[in-house]
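Biologist: I've got a protein model open and I'm not sure how to read it. Could you walk me through it?

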Amino acid sequence: MTATDPQLSRTALDVAPLLLGTVLTVKRFGVRVAVRITEVEAYEGDQDPGSHGFRGRTARNASLFGPPGTLYCYFTYGMHHCANIVCGTEGRASAVLLRGGEIIAGEDTARARRRNPARVRDLANGPAKLAQALGLSLDCDGWKIATGHPAVAGDAQNAGTPDGATLSPLPAVAPAGVRTGPRVGVAGPGGSADYPWRFWLDGEDSVSVYRPAQPRKRRKSAGGAPGTD
């Protein structure tokens with residue numbers, strides 16, 4: 001295992017397609033689960049209205065401004081966690097959201113965390129599913145991701161290592177079969193066709209279903225003034 005992959009010092013748009021096909025292994029409470037990443041989205045900080053960092057640093061998104069290789073986890077909709085790999089330059093809030101992947105080790109643990117879905121493809125085919133299968137939560141926010149060749153078939157030789165995350169080395173060029181399109185569920189300018197910053201591997205079952213953002217419906221408040229749901 002080595003320090004953080006220097007490739008992560010590139011922009012999110014550069015890093016996102018290189019992450020496809022890499023393996024992220026997470027050890028939590030002594031148990032490992034590994035996912036081969038098949039779908040991601042790039043977010044570019046203050047240059048990107050869809051980014052959590054667009055309006056600057058807060059207590060909630062502080063890890064997003066950390067050095068490349070930092071894990072940024074957040075809680076959304078009052079029920080889901082999602083995970084990002086920070087890249088680029090420290091302080092810039094450039095990051096890649098992990099949207100989908102294929103569980104290649106620790107399937108029993110992933111199934112238990114995901115309440116045993118019937119199909120393997122459903123274990124991590126969405127950002128919240130992927131984070132849940134890996135056991136990622138706000139407790140993991142700010143973790144530093146090491147680079148190496150993680151064990152994916154047995155854990156005995158790693159029994160004494162601490163909990164954490166390991167990413168397999170990024171390739172020099174993106175794998176074949178990379179597709180791009182608009183990001184999922186991002187409303188406003190950041191979700192438009194001007195931001196085709198979602199990347200996925202063509203033909204993979206673990207890629208999530210694309211759903212465009214739905215504008216929030218306006219309603220009238222009790223006093224008759226417009227409001228939002």
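Modeller: Sure. Let's begin with one term: two residues are in contact when heavy atoms of theirs lie within 4.5 Å. And keep in mind that this is a predicted model.

Biologist: Okay. Among contacts between residues at least 6 apart in sequence, what percentage join residues at least 24 apart?

Modeller: For this protein, 60% of those contacts join residues at least 24 apart.

Biologist: How many helices and strands does the protein have?

Modeller: You'll find three helices and 11 strands. Reading from the N terminus, the order is α-β-β-β-β-β-α-α-β-β-β-β-β-β.

Biologist: And how much of the protein is buried?

Modeller: The cut-off to know is that a residue is buried when its relative accessible area is under 20%. By that rule, 49% of the 229 residues are buried. As for the outside, the accessible surface is about 11100 Å², and 53% of that belongs to carbon and sulfur atoms.

Biologist: Can we try that on one element? Is helix 1 mostly covered or mostly uncovered?

Modeller: Helix 1 spans residues 12-19, and six of its eight residues are buried, so "mostly covered" fits. The buried ones are A12, V15, A16, P17, L18 and L19.

Biologist: What covers those buried residues?

Modeller: The cover includes several strands: strand 2 (31-44), strand 4 (80-87) and strand 5 (94-105), along with strand 7 (164-167), strand 8 (178-181) and strand 9 (198-201). While you're there, look just after helix 1, where G21 has a positive phi of about 95°.

Biologist: Next, the aromatic rings. How many aromatic pairs are there?

Modeller: Searching the whole structure turns up two. To sort them, look at the angle between the ring planes: under 30 degrees is stacked, over 60 is edge-to-face, and the rest are tilted. Y72 and Y74 have ring centres 5.6 Å apart and planes at 35°, so that pair is tilted.

Biologist: Are Y72 and Y74 buried or exposed?

Modeller: Y72 is buried, at 1% relative accessible area, and Y74 is buried too, at 12%.

Biologist: Which residues form the edge-to-face pair?

Modeller: That's Y195 and W197, with 4.8 Å from centre to centre and 75° between the planes. Y195 and W197 are both buried.

Biologist: One more ring: what lies over the face of W200?

Modeller: R198 does, at 4.2 Å from the ring centre of W200.

Terms used. Residues are numbered from 1 along each chain as its sequence is written. This is a predicted model: local features need pLDDT of at least 70, side-chain atom pairs count only at pLDDT 80 or more; totals for chains, interfaces and linings use all residues. Side-chain values use heavy atoms; hydrogens and water are left out. Rings of Phe, Tyr and Trp (its six-membered ring) pair if their centres lie within 6.5 Å; planes under 30 degrees apart count as stacked, over 60 as edge-to-face and the rest as tilted. Buried means under 20% relative accessible area, exposed over 50%, partly exposed in between (1.4 Å probe, protein chains only). A charge sits over a ring if NZ of Lys or CZ of Arg is within 6 Å of the ring centre and within 35 degrees of the ring normal. Helices (H or I, at least four residues) and strands (E, at least two) are DSSP runs, numbered from the N terminus. Accessible areas come from the Shrake-Rupley method with a 1.4 Å probe; for residues, only the protein chains shown count as cover.
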